[in-house]
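Student: I am new to this structure and would like to get to know it step by step. Could you take me through it?

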Amino acid sequence: MDRRHVLPTLPLDQLLNELQSRLTAVLAARDGVHALLDAVVTIGAELDLETVLQRIVEAARTLADCRYAALGVIGEEGELAEFLPTGMTDDEVAGIPELPHGRGLLGLLIKNPQVLRVADLSSHPESYGFPPGHPPMRRFLGVPILIRDECFGNLYLTEKSGGLEFDEQDETIVQALASVAGIAIKNARLYQETKAREVWLDAIAEVTRILLSGADRRQAFGTVVARAREMTGAAAAWIIQAEDDRLRVDVADGMPGLAGREFSAEGSVSSQVLLTQEPVLLTDLEQVAVTFDVELPGPTLLLPLGPTSQGILAVARRTGGVPFSADSMRMLGSFGQQVGVVMELADARREAERYGLIDDRERIGRDLHDVVIQRLYGVAIQLVSAGRLTAKPQVAERIQSAVDNLDDTIRQIRSTIFALQANDGVVATRPRVRITRLVDQAGAQLGFQPAVRTSGLLDTNLPDPVADDLCAVLTEALSNVGRHANATQADVAIDLSDDGLLEVRVVDNGVGLGDAERRSGLANLERRAARRGGFFEVGPSDDGGTLVVWRVPVR
């Protein structure tokens, strides 16, 4: 028999079925490669990190042809800092009381970043189970996302279509996607850091311009909290200032009603930040809510403003948000330090300007005292000498009137010198300065400037409580002149004798004090005198006006 005419014994149908299955596998692989290329193009076209992550997890679900997929971002503590699920509706996600933290199989992938395929989740020894409300899942494929040997996170895929198990092809395609995802995430991170640095530089420039332009510090703080939110993507930001043993929220952005809140500094995290000048990250939301007496969004970061205790900058994310990363903490910490330095520079600049103003005022005061007053004294002495030489009474009277006017002018200049010296918080509280200011204010209401004469060591020997009473008495007396006297002239004399007796005399040339008006507005002055064991009297003056006398001991 001729062997060349012997046909193969394999059934033809079996050969055709094998060929068809291999063609189907080739077509599926081709479609998978095309889908993978499309996913790579889609992912690589985006630079926003959150959008990149969302596109990665959606592409993984499509490529593996499964119902559910998720991407877990690993935090610095080795737990899932962020969990992005897809395939579930918003209601289904909301029905899960607690999203995964990285326990069970998810934790195994974090500890050992290797591809993991499981046919039945419930039979795996590392299985942790599902929380209430979680949809049932059986098949599982986990693939790590590596960025230069650093595990950024993991892709989790479950429930392949048709109830099938994940195969080697699914594993290969998802691994390829994970490799591309690592590059895309790295690029998005770099872009995010670049944008954040631009915002950081712009924010520092803006805050510097506001503070060095002499604007109110609260305005600068408003810019600081707004820019802090922009840099970190936080839901709220605020600045805390220390006031004695209390802490106060000075300004806030994104959290209505928080500005102006006060709380005790004792034992608080804020006082710890001020004391140690080290940032604190709060993840205990109950502790945060109790501290600030409000329902805050989520993880909260508190940082010191500047190398000295200029305040605290706090930022908070939304509920369930990602805790602040080390990069965010470093960037925001650097921003807070720079803001504090600019604040100190602005304070130093204002202090230098204030001292420059003090020098100018002291120079003007010296010129007035050494030149103007001395010349007026000289003119007064010459006039007095001339008055003695004249034999005409009318000329002598006019000369004496001119001398009196010169004396009044000298007193006014002295008051001006005292006012010029009122350039800081200490001098501004001196009794002479307070008296000058009160009389100036009264002059604007009266329409004429009352004459003031002071004698004695008021600035050194007058206690603050007595000075307060003195100013109240003077304010009431001049106010009565304006309301009731219809006067065109008023004289104030304040004398502190060497034996410690303070006397205030206010006299005007008005219509006098009628019976109905005698007690109006004066009872308070009488009570102040009686409280200090002193004397108070009001009555007609020699010129028909009103004379007020208030006299108290100061020792």
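Student: Let me start with one residue. Is Asp-250 buried or exposed?

Tutor: Happy to help, and keep in mind that this is a predicted model. Asp-250 sits in strand 7, which covers residues 246-253. Its relative accessible area is 12%. Since buried means under 20%, the word for Asp-250 is buried.

Student: Leaving aside neighbours within four places in sequence, which residues is Asp-250 in contact with?

Tutor: Contact here means heavy atoms within 4.5 Å. With the neighbours within four places left out, the residues in contact with Asp-250 are Arg-218, Phe-221, Ile-239, Gln-241 and Ala-259.

Student: Now the whole protein. How many helices and strands are there?

Tutor: The chain has 555 residues, of which 40% count as buried. About 30,800 Å² is exposed, with carbon and sulfur atoms supplying 51% of that area. As for the elements, the count is 14 helices and 16 strands.

Student: Among contacts between residues at least 6 apart in sequence, what share joins residues at least 24 apart?

Tutor: Take the contacts in the protein whose two residues lie at least 6 apart in sequence. The part of them that joins residues at least 24 apart is 58%.

Student: Which residues touch the most other members of the largest nonpolar core?

Tutor: This core has 34 residues. At least two residues each come from several elements, including helix 11 (431-446), strand 13 (490-496), strand 14 and strand 16 (546-553). Helix 13 gives the most, with 9 residues. The members that touch the most others are Ile-494, Leu-502 and Val-506.

Student: How many residues are in the second, separate core?

Tutor: Among the members of this other core are Val-207, Leu-301, Phe-324 and Val-342. The second core is separate, and its size is 31 residues.

Student: Back to strand 14. Why does Glu-503 count as buried?

Tutor: Glu-503 belongs to strand 14, residues 501-508. The cut-off for buried is under 20% relative accessible area. Glu-503 counts as buried because its relative accessibility is 19%.

Student: Which side chain does the side chain of Glu-503 join in a polar contact of 2.7 Å?

Tutor: Leaving aside neighbours within four places in sequence, Glu-503 has contacts with Ala-493, Ile-494, Asp-495, Val-549, Trp-550 and Arg-551. One of these residues is also the side-chain partner in the 2.7 Å polar contact: Arg-551.

Student: What kind of aromatic pair do Phe-140 and Tyr-156 form?

Tutor: The structure holds 1 aromatic pair. It links strand 4 (residues 140-147), home of Phe-140, to strand 5 (residues 150-160), home of Tyr-156. The centres are 6.3 Å apart with 25° between the planes. Planes under 30 degrees apart count as stacked, so the pair of Phe-140 and Tyr-156 is stacked.

Student: Are Phe-140 and Tyr-156 buried or exposed?

Tutor: Phe-140 has a relative accessible area of 4%. For Tyr-156 the value is 5%. With the limit for buried set at under 20%, both Phe-140 and Tyr-156 are buried.

Student: Last topic, the cysteines. How many disulfides are there?

Tutor: Cys-151 is buried, at 19% relative accessible area. Cys-471 also counts as buried, at 9%. A disulfide needs two cysteine sulfur atoms within 2.5 Å, and the number of disulfides by this rule is 0.

Definitions and conventions:
Residues are numbered from 1 along each chain as its sequence is written. This is a predicted model: local features need pLDDT of at least 70, side-chain atom pairs count only at pLDDT 80 or more; totals for chains, interfaces and linings use all residues. Side-chain values use heavy atoms; hydrogens and water are left out. Helices (H or I, at least four residues) and strands (E, at least two) are DSSP runs, numbered from the N terminus. Buried means under 20% relative accessible area, exposed over 50%, partly exposed in between (1.4 Å probe, protein chains only). A polar contact is a pair of N or O atoms within 3.5 Å; within protein, one must be able to donate a hydrogen and the other to accept it, and residues adjacent in sequence count only if both atoms are side-chain atoms. A nonpolar core is a set of buried Ala, Val, Leu, Ile, Met, Phe, Trp, Tyr and Cys residues joined through side-chain atoms within 4.5 Å. Rings of Phe, Tyr and Trp (its six-membered ring) pair if their centres lie within 6.5 Å; planes under 30 degrees apart count as stacked, over 60 as edge-to-face and the rest as tilted. Accessible areas come from the Shrake-Rupley method with a 1.4 Å probe; for residues, only the protein chains shown count as cover.
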